[in-house]
Amino acid sequence: MEAGRIAGGAVRLVGAGPGDPDLLTVRARRLVETAEAVVFDRLVAEEILALVPEGALRLDVGKAPFFNDTATTEIYTLLVDLARSGLEVV
């Protein structure tokens, strides 16, 4: 079983780097462009989010200073739940 693969779907972690889509690895770009669900925070540049396919779930988990954001454990649960529902998650 591939690392990150859960029955029906998969979770793949992609580093967005400094925000320029041209600096993503080829694999990272392909994963973003084919994702069925993308879980992200404020550090991901709009130019990278523009690569997410139309119709894919986009879930902002909020990580921002001084705000009630989504707890890390909740994010992990979300990632697993999305993959278990059969989605390719980035």
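Buried here means under 20% relative accessible area, exposed means over 50%, and partly exposed covers whatever falls in between (1.4 Å probe, protein chains only). By that yardstick, buried residues make up 37% of the 90 residues in the protein chain. This is a predicted model, so to speak of local features pLDDT of at least 70 is needed, while side-chain atom pairs count only at pLDDT 80 or more, and totals for chains, interfaces and linings use all residues. Numbering runs from 1 along each chain as its sequence is written, and side-chain values rest on heavy atoms, with hydrogens and water left out.

Starting with the overall layout, the protein chain has three helices and five strands. These are DSSP runs numbered from the N terminus, with helices being H or I of at least four residues and strands being E of at least two. Along the sequence they follow the pattern β-β-α-β-α-β-α-β. The C-alpha trace spans about 35 × 35 × 25 Å along its principal axes. With 90 residues, a compact globule would have a radius of gyration near 12 Å, and the 13 Å of the protein chain agrees with that; the radius is taken over C-alpha atoms, and the globule rule is 2.2 Å times the number of residues to the power 0.38. As for the outside, the accessible surface comes to about 5,800 Å², and 57% of it belongs to carbon and sulfur atoms. Those areas come from the Shrake-Rupley method with a 1.4 Å probe, and for residues only the protein chains shown count as cover. Turning to contacts (heavy atoms within 4.5 Å), 47% of those between residues at least 6 apart in sequence join residues at least 24 apart.

Next come the nonpolar cores, each a set of buried Ala, Val, Leu, Ile, Met, Phe, Trp, Tyr and Cys residues joined through side-chain atoms within 4.5 Å. The largest has 15 residues, of which Val38, Val44, Val52 and Val90 touch the most other members. Helix α1 (26-34), strand β3 (37-40) and helix α2 (46-49) each supply at least two residues of this core, and α1 gives the most, with three. A second, separate core of 10 residues includes Val11, Ile75, Leu82 and Leu87.

Strand β3 deserves its own paragraph. In a regular strand the side chains alternate between the two faces of the sheet. In β3, Ala37 and Val39 point one way and Val38 and Phe40 the other way, and all are buried. Neighbours within four places in sequence aside, Val38 is in contact with Val52, Leu57, Arg58, Leu59 and Val90. Strand β3 also pairs with β4 (residues 57-60), in the parallel sense and over four bridges, where pairing calls for at least two bridges found by DSSP. Within that pair, Val39 stands opposite Leu59 in β4.

Over in helix α2 sits Leu49, which counts as buried at 6% relative accessibility. Leaving out residues within four places in sequence, Leu49 is in contact with Phe40, Val44 and Arg58. Its C-alpha atom is separated by 8.3 Å from that of Val32, 17 residues away along the chain.

Helix α1 also carries residues with some surface showing. Glu33 lies in this helix and is partly exposed, with a relative accessible area of 36%. Beyond its neighbours within four places in sequence, Glu33 is in contact with Leu51 and Pro53. Arg27 has its place in α1 too, and at 45% relative accessibility it counts as partly exposed. Arg27 and Val14 are 13 residues apart in sequence and 9.1 Å apart in space, C-alpha to C-alpha.

Ahead of that helix, Arg12 is placed in the loop between β2 (9-11) and α1. Despite the charged name tag, Arg12 is buried, with a relative accessible area of 14%. Its side chain makes a polar contact with the side chain of Glu88 (2.8 Å). A polar contact is a pair of N or O atoms within 3.5 Å; within protein, one must be able to donate a hydrogen and the other to accept it, and residues adjacent in sequence count only if both atoms are side-chain atoms. Glu88 turns up again with Gly9, a residue of strand β2, which touches Ala83, Gly86, Leu87 and Glu88, not counting residues up to four places away in sequence. Gly9 counts as buried at 0% relative accessibility. Gly9 and Leu87 are 78 residues apart in sequence and 4.7 Å apart in space, C-alpha to C-alpha.
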